[in-house]
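Student: Could you take me through one part of this model closely, namely the sheet in each chain and what packs around it, and then place that part in the wider assembly?

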Number of protein chains: 2
Amino acid sequence: VRIGILGTGIVGQTLAAKLRELGHDVVIGSRTEGEDKRPFAEAAAHGELLINATGGGNSLAALEAAGAENLNGKVLIDVSNPLDFSKGMPPTLSICNDDSVGEQIQRTYPDAKVVKALNTVTAALMVEPGLISGEHSLPIAGNDEGAKAQVADLLEKFGWPRDAIVDLGDIAGARAQEMYLPLWLRLYQSQGTAMVNIHIVKG
Amino acid sequence: VRIGILGTGIVGQTLAAKLRELGHDVVIGSRTEGEDKRPFAEAAAHGELLINATGGGNSLAALEAAGAENLNGKVLIDVSNPLDFSKGMPPTLSICNDDSVGEQIQRTYPDAKVVKALNTVTAALMVEPGLISGEHSLPIAGNDEGAKAQVADLLEKFGWPRDAIVDLGDIAGARAQEMYLPLWLRLYQSQGTAMVNIHIVKG
């Protein structure tokens, strides 16, 4: 599958490496061109499947540069977190409570099929869940059932067991996934490792 | 131990029943008096250990009615969530992101020893964690190490194994615990049961 990744940070790089290992044809898009970095619009035009790996505060600008015509009709996995470090540590969220980046993107591009996923774990764990032994979970959310099934298939190829993938329902679930970040940051701090996640259990 | 519980909702009632079963002398405080309901100040004066089981939006008013002189020097377990149902479903949080109810209480009553705990699970599970089989976790946060140790002892008596209790550090961790609520609400909805929790795991 041809995949376009927006964002050249550790998340974009990690996902690109894994997807290429799986045999996909990946173009990474950036604000600035460079080796293995093409403009956002070129990456988005290239991809049949798209991944937003930009920072949550920059995502709408990156997608605007990508162009609606390159997004419409496509599955768009939104991995972003709206972390705002401008007010010091710990970071706050630049959007939360009654909205989320996932919802913003879906509202702005109603013809894209946005699936929020992977934003709740550190980059290395996204593509190698076995780095934590035992069961742990990955919540996903989105309006389009077919898109979520396609993303779940991809996540399985990353190593996530099907029953580890927890469907939170429509894209408003992104609010829950993004507001989990303060807990993740506290766990990172208190447990002394970014290799931390949650297993969702019920009685 | 003499315990004062502020709040007569399902959380307050459930905790009171369990604490009495464990042999504690419990007084429940309320805005309005009634059978097994005394004024906030009387419950707070009675307790050597206090529990805030009021709604997060009402907690500061309840504690003001309880009176600083009845709070100072005491361990105060804050179980509240600032859920705001006034804007429809799902509820938003009336305070979040750069503050929390737990922090507000600690700031307002610097001589109380606030420990945020139990707000991340449904009332029945608070006092009977075995209702979910297998391992699952309970985050706590607070500035006073001795107070957290005392709360952990009590949680063990409720049935929480010591290694299920995850210390998030100082009271600013309450932000993480309260912002977890949107995820809890989504899990409640998508899993079809309030008997849901997370097991915190690391690699």
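Tutor: Two strands count as paired if DSSP finds at least two bridges between them. With that criterion in mind, and remembering that this is a predicted model, we can begin at one end of the sheet in chain A, where strand β9 (residues 138-142) of chain A is joined to β10(A) by three bridges, the two strands running parallel. Within this pairing, I140(A) stands opposite D167(A) in β10(A). The sheet to which these strands belong is open and has eight strands, in the order β3-β2-β1-β4-β5-β8-β9-β10 (chain A), with mixed pairing. Its edges are formed by β3 (38-39) and β10 (165-167) of chain A, each of which pairs on one side only. Among the elements that pack on this sheet is helix α4 (residues 101-108) of chain A, which touches β4 (49-52), β5 (75-78) and β8 (113-116) of chain A, and whose direction makes about 175 degrees with that of β8(A).

In chain B, an open sheet of eight strands likewise has the order β3-β2-β1-β4-β5-β8-β9-β10 (chain B), again with mixed pairing. Because β3 (38-39) and β10 (165-167) of chain B stand at its edges with a single partner strand each, one side of each is left without a neighbour in the sheet. Here too three bridges join β9(B) to β10(B), and these strands run parallel; the bridge partner of P139(B) in β10(B) is V166(B). Helix α1(B) packs on the sheet, where it touches β1, β2 and β4 of chain B, its direction making about 165 degrees with that of β2(B).

From the strands we can turn to the nonpolar side chains. In soluble globular proteins, nonpolar side chains tend to be buried together. The largest nonpolar core of this model has 36 residues, and L15(B) and L118(B) are those with the most contacts inside it. At least two residues of this core come from each of several elements of chain B, including the strands β1 (2-6), β2 (25-30) and β9 (138-142) and the helix α1 (10-21), while α6(B) supplies the largest share, six residues. Leaving aside residues up to four places away in sequence, L118(B) touches L15(B), V79(B), M126(B), L138(B), L155(B), F158(B) and W160(B). A second, separate core has 34 residues, among them I77(A), V127(A), A147(A) and L154(A).

Away from the sheets, helix α8 (residues 181-191) of chain A holds both W184(A) and Y188(A), four residues apart, or about one turn of the helix. At 10% relative accessibility W184(A) counts as buried, whereas Y188(A), at 42%, counts as partly exposed. In chain B, W184(B) and Y188(B) form a stacked aromatic pair, with 5.3 Å centre to centre and 15 degrees between the planes.

As for the assembly, a rotation of 180 degrees with 0.0 Å of shift along its axis superposes chain A on chain B, with an RMSD of 0.0 Å. The two copies are therefore related as by a two-fold rotation axis. Both copies use the same surface, in that 100% of the contact residues of chain A recur in chain B. Of the residues of chain A, H199(A) comes closest to the rotation axis, its C-alpha lying at 2.4 Å.

Notes: Residues are numbered from 1 along each chain as its sequence is written. Chains are lettered from A and ligands numbered from 1 in the order in which they are written. This is a predicted model: local features need pLDDT of at least 70, side-chain atom pairs count only at pLDDT 80 or more; totals for chains, interfaces and linings use all residues. Side-chain values use heavy atoms; hydrogens and water are left out. Copies are superposed by least squares on the C-alpha atoms of residues with pLDDT of at least 70 in both. Contact means heavy atoms within 4.5 Å. Axes are lines fitted to C-alpha atoms, for helices over the stretch in contact, and angles run from 0 to 180 degrees between N-to-C directions. A nonpolar core is a set of buried Ala, Val, Leu, Ile, Met, Phe, Trp, Tyr and Cys residues joined through side-chain atoms within 4.5 Å. Buried means under 20% relative accessible area, exposed over 50%, partly exposed in between (1.4 Å probe, protein chains only). Rings of Phe, Tyr and Trp (its six-membered ring) pair if their centres lie within 6.5 Å; planes under 30 degrees apart count as stacked, over 60 as edge-to-face and the rest as tilted.
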